[in-house]
Amino acid sequence: QVQLVESGGGLVQPGGSLRLSCAASGFTFSSSVMRWYRQAPGKEREFVAYISNTGSTTTYADFVKGRFTISRDNAKNTVYLQMNSLKVEDTAVYYCKVLRGLNGVAYWGKGTLVTVSS
């Protein structure tokens, strides 16, 4: 079955960096586009970044452009989110997501908490 396991979250000061990982299993990772989302307390889940199956194409939400970088290692079935210049407003649970099947069923990990605070 599809499994997505996020890791790498934690407490960081404003201006700091973290790298999140999402380990995938149960599907052909190298054929799948991957996405990162986040959900801040009291807010709806929102899109953060996208990466194509080969890694050649990436897109970002405006609020992370120039600060976050999405990448992947198809040999390790893992997608990453490098987060630099973190802001207090980046505090959220970060999730990775994959769509599978003709109907595009969404699979989510359980998330990893990022807290940006001084």
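Contact here means heavy atoms within 4.5 Å, and with that in mind I would like to start from Glu6, which, leaving aside its neighbours within four places in sequence, is in contact with Ser21, Cys22, Trp36, Tyr94, Tyr95, Cys96, Gly109, Lys110, Gly111 and Thr112. Please keep in mind that this is a predicted model, in which local features need pLDDT of at least 70 and side-chain atom pairs count only at pLDDT 80 or more, while totals for chains, interfaces and linings use all residues. Residues are numbered from 1 along each chain as its sequence is written, and side-chain values use heavy atoms, with hydrogens and water left out.

Glu6 is buried (under 20% relative accessible area, 1.4 Å probe, protein chains only), yet has no salt bridge, that is, no side-chain nitrogen of Lys or Arg within 4 Å of a carboxyl oxygen of Asp or Glu. The nearest side chain of opposite charge, Arg45, is 7.3 Å away, whereas the side chain of Glu6 reaches the backbone nitrogen of Cys96 at 2.9 Å and that of Gly109 at 3.5 Å.

Arg45 brings us to the rings, since its charged end sits over the ring of Tyr95, 3.7 Å from the centre, where the criterion is CZ of Arg or NZ of Lys within 6 Å of the ring centre and within 35 degrees of the ring normal. Tyr95 also belongs to one aromatic cluster with Tyr37, Phe47 and Trp108, rings being paired if their centres lie within 6.5 Å, with planes under 30 degrees apart counted as stacked, over 60 as edge-to-face and the rest as tilted.

Key
Buried < 20%, exposed > 50% of the residue type's maximum accessible area, 1.4 Å probe, protein only. Lys, Arg positive; Asp, Glu negative; His and termini not counted. Polar contact = N/O pair within 3.5 Å; in protein donor to acceptor, adjacent residues only side chain to side chain. Phe/Tyr/Trp six-rings, centres within 6.5 Å; stacked < 30°, edge-to-face > 60°.
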